[in-house]
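The exercises below are meant to be worked with the sequence and the model side by side. Try each task before reading the solution that follows it.

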Amino acid sequence: MKYAVYQMDIVAGEPEQNRQKVKAWLDDTVKNGKPDIVVLPEMWTTAYTLPRLDEVADRQGEPTVSFLQEVAKEYDVHIIGGSVANRKEKGYYNTALVMDRNGNLVHQYDKIHLVPMLDEPKYLSGGKNKAEVFELEGVKMGVIICYDLRFPELVRKLALEGIQVLHIVAEWPAARKDHWTALQLARAIENQMFVVSCNRVGSYDGVDFAGTSMIIDPWGKIVEQGSEDREETLRAEISLDLVSKIRKDVPVFSSRVPELY
Ligand SMILES: O=C(O)CCC(=O)C(=O)O
């Protein structure tokens with residue numbers, strides 16, 4: 001499975017410009033060797049322009065869902081479509097979108113853990129639905145959003161439900177970059193799964209973001225890592241056989257004794 005991760009800078013509060021930016025990136029990326037799956041960062045249409053949500057947020061995922069549908073089909077790629085600020089009946093959510101290459105919205109997830117350090121709880125509602133597994137090409141996968149990475153029990157739940165790849169879409173600040181890298185490695189090692197993350201670069205409202213998107217294998221080896229401050233594309237081909245091999249060599253899942261903790 002060939003991945004391309006767009007470690008992107010985001011034009012704050014300009015959803016249409018960001019959609020066009022993603023389209024241009026896809027065009028270029030596909031021309032230079034077509035991936036199977038592409039990954040975008042958190043809140044990539046708006047950045048953290050939370051006081052302007054009324055103006056910049058999607059409504060029930062639109063128009064971003066239609067945009068992703070169109071480009072998934074045009075470029076024949078599955079899209080882990082990062083997340084968008086999303087107005088629903090009862091408020092604004094930070095919603096991750098996953099589109100398959102036929103233009104089917106196969107998964108949506110509202111960020112459960114809102115990050116106090118970026119004022120999310122003041123403007124957004126936390127997701128009320130359980131995090132769920134989805135499948136692309138018959139492979140079980142999951143997606144979480146940024147601050148969710150700090151909650152290992154969320155990822156373990158998805159692992160117990162069989163995911164082999166965890167995607168993390170993020171706008172993780174540079175001030176806590178060491179946590180970003182260490183926690184991703186921990187999640188990959190403890191759950192023996194691939195971790196594919198996409199973090200933004202650049203700054204907004206005095207916050208610098210950490211970049212350092214990563215593709216980590218189930219042993220905890222870093223396959224690819226982005227820079228801290230440059231827009232770039234991370235590419236890697238991952239072999240899922242490695243998940244079963246490592247789970248056999250170090251049988252963490254059959255050694256668990258959950259009734260004692
Ligand atoms: O947990 C952190 O340090 C960063 C989280 C974050 O920036 C986010 O969830 O958007």
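**Exercise 1. The ligand shell**

Which residues surround the ligand?

Solution. Bear in mind throughout that the model is predicted. Going along the chain, the ligand is surrounded by Glu42, Val115, Leu118, Cys146, Tyr147, Arg150, Glu171, Trp172, Pro173, Arg176 and His179. Sorting this shell by class then gives six nonpolar residues, four charged residues and one polar residue.

**Exercise 2. The annotated span and its first strand**

Determine what the UniProt record annotates, and then work out how strand 1 is placed and paired.

Solution. The unreviewed UniProt entry carries the annotation "domain: CN hydrolase" for residues 1-240. Within that span, helix accounts for 25% and strand for 32%, while the C-alpha atoms at its two ends lie 8 Å apart. Turning to strand 1, which comprises residues 2-7, one finds that five of its six residues are buried, so that the strand is mostly covered. Its pairing with strand 15 (residues 232-237) is antiparallel and rests on six bridges, whereas its pairing with strand 2 (residues 37-39) is parallel and rests on three bridges. Tyrosine 3 serves to trace both pairings: its bridge partner in strand 15 is alanine 236, and in strand 2 it stands opposite isoleucine 37.

**Exercise 3. The nonpolar core**

How many residues does the largest nonpolar core have, and which of them have the most contacts inside it?

Solution. The largest nonpolar core has 74 residues, and those with the most contacts inside it are Val5, Val39, Leu40, Leu166, Val169, Met193 and Val195. As a worked case, take leucine 166: once residues up to four places away in sequence are left out, it touches Gly142, Ile144, Val155, Leu158, Arg187, Met193 and Val195. As a general background to such a core, nonpolar side chains in soluble globular proteins tend to be buried together.

**Exercise 4. Two positive phi values**

Alanine 47 and aspartate 205 both have a positive phi without being glycine; is each of them buried or exposed?

Solution. Begin with alanine 47, whose phi is about 60° and whose place is in the loop between strand 2 and helix 2 (53-56). Alanine 47 counts as buried because it has 27 C-beta neighbours inside 10 Å, the cut-off for burial being 20 or more. Aspartate 205, with phi near 55°, lies in the loop between strand 11 (203-204) and strand 12 (207-208). Aspartate 205 is exposed because 12 other C-beta atoms lie within 10 Å, and the exposed class takes in residues with 12 or fewer.

**Exercise 5. A cis peptide bond and a hairpin**

Where does the cis peptide bond at proline 63 lie, and which residue takes a positive phi in the hairpin of strand 13 and strand 14?

Solution. The bond leading from glutamate 62 to proline 63 is cis, with omega near 10°, and proline 63 is found in the loop between strand 3 (58-59) and helix 3 (64-75). In the hairpin, strand 13 (residues 214-216) and strand 14 (residues 222-225) run antiparallel and are joined by three bridges, with isoleucine 215 opposite glutamate 224. Five residues lie between these strands, and in this hairpin glycine 220 takes a positive phi near 100°.

Notes:
Residues are numbered from 1 along each chain as its sequence is written. This is a predicted model: local features need pLDDT of at least 70, side-chain atom pairs count only at pLDDT 80 or more; totals for chains, interfaces and linings use all residues. A residue is near a molecule or strand if its C-beta atom, placed from the backbone, lies within 6 Å of it. Ala, Val, Leu, Ile, Met, Phe, Trp, Tyr, Cys and Pro count as nonpolar, Asp, Glu, Lys and Arg as charged, and the others, Gly among them, as polar. A nonpolar core is a set of buried Ala, Val, Leu, Ile, Met, Phe, Trp, Tyr and Cys residues joined through C-beta atoms within 7 Å. Two residues are in contact if their C-beta atoms, placed from the backbone, lie within 7 Å. UniProt positions are given in the numbering used here, feature names are shortened, and annotations may be inferred rather than shown by experiment. Helices (H or I, at least four residues) and strands (E, at least two) are DSSP runs, numbered from the N terminus. Two strands pair if DSSP finds at least two bridges between them.
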